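Biologist: I am new to reading protein models. Could you walk me through this one, a question at a time?

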Amino acid sequence: TILNFKLEFINSGSSKLIFDILTKFKTLIDNGKELIINWYYCNNDEDIRDAGFRFSNLLDHNINIIKE
C-alpha cells in the first residue's frame, strides 16, 4: 500500500485527522503488510515538512519526506 500526501496547508485540526488516518493504516504493518508513505512538501514550506517528520516519529515508521 502506498500513501501520498501533498498538502498546501496544515493546522492542528487537519494534523489530528491525518494522524488518525495514518494510525489506521499502520495496522497494515502490524499485520505484516508493506506500507509506503510519501510526504511531499513545497520548497519553502518547513511547517509541512516538519509535520511529516513528526508523524514519522509518532508512528515509529519511515515516511519519505520529498521536496517538490
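The talk below goes through the helices, the sheet and the core of this predicted model.

Biologist: Happy to start with helix α1, residues 12-30. How far apart are its end C-alpha atoms?

Modeller: Let's begin with what to expect. Helix α1 has 19 residues, and at 1.5 Å a residue it should span 27 Å. The model agrees with that, since the end C-alpha atoms of α1 are apart by 27 Å.

Biologist: Nice! Which residue caps the N-terminal end of α1?

Modeller: Look for a side-chain oxygen that lies 3.0 Å from the backbone nitrogen of Gly13. The residue that owns this oxygen, and so caps the helix under the 3.5 Å limit for a polar contact, is Asn11.

Biologist: Now the sheet. What is the order of its three strands?

Modeller: Good one to trace with your finger. The sheet is open and its pairing is parallel. Strands β1 and β3 (64-67) are the edges, each pairing on one side only. Between β1 and β2 there are five bridges, in the parallel sense, and the order is β1-β2-β3.

Biologist: Which residue of β2 is the bridge partner of Lys6?

Modeller: We can stay with the pair β1 and β2, which is parallel. Find Lys6, then look across to β2 for its bridge partner: Tyr40.

Biologist: And the helices? What angle does the direction of α1 make with that of β1?

Modeller: Helix α1 packs on the sheet, where it touches β1 and β2. Helix α2, for its part, lies across β2 and β3 and runs at about 160 degrees to β2. For α1 and β1, the angle is about 170 degrees.

Biologist: Back to α1. Is Ser15 buried or exposed?

Modeller: Ser15 lies in helix α1. Leaving aside neighbours within four places in sequence, it is in contact with Ile10 and Phe55. Its relative accessibility is 19%, and the cut-off for burial is under 20%, so Ser15 counts as buried.

Biologist: Last one. Which element gives the largest share of the largest nonpolar core?

Modeller: In soluble globular proteins, nonpolar side chains tend to be buried together. Here the largest nonpolar core has 14 residues, and those with the most contacts inside it include Phe5, Trp39 and Phe55. The elements that give two or more residues to this core are β1, α1, β2 and α2. The largest share, four residues, comes from α2.

Technical notes:
Residues numbered from 1 in each chain as written. Predicted model: local features only at pLDDT ≥ 70, side-chain atom pairs only at ≥ 80, totals over all residues. Heavy atoms only, no water. Expected span 1.5 Å × (residues − 1). Polar contact = N/O pair within 3.5 Å; in protein donor to acceptor, adjacent residues only side chain to side chain. Pairing = 2+ DSSP bridges. Contact = heavy atoms within 4.5 Å. Axes fitted to C-alpha atoms, helices over the stretch in contact; angles between N-to-C directions. Buried < 20%, exposed > 50% of the residue type's maximum accessible area, 1.4 Å probe, protein only. Core = buried A, V, L, I, M, F, W, Y, C linked by side-chain atoms within 4.5 Å.
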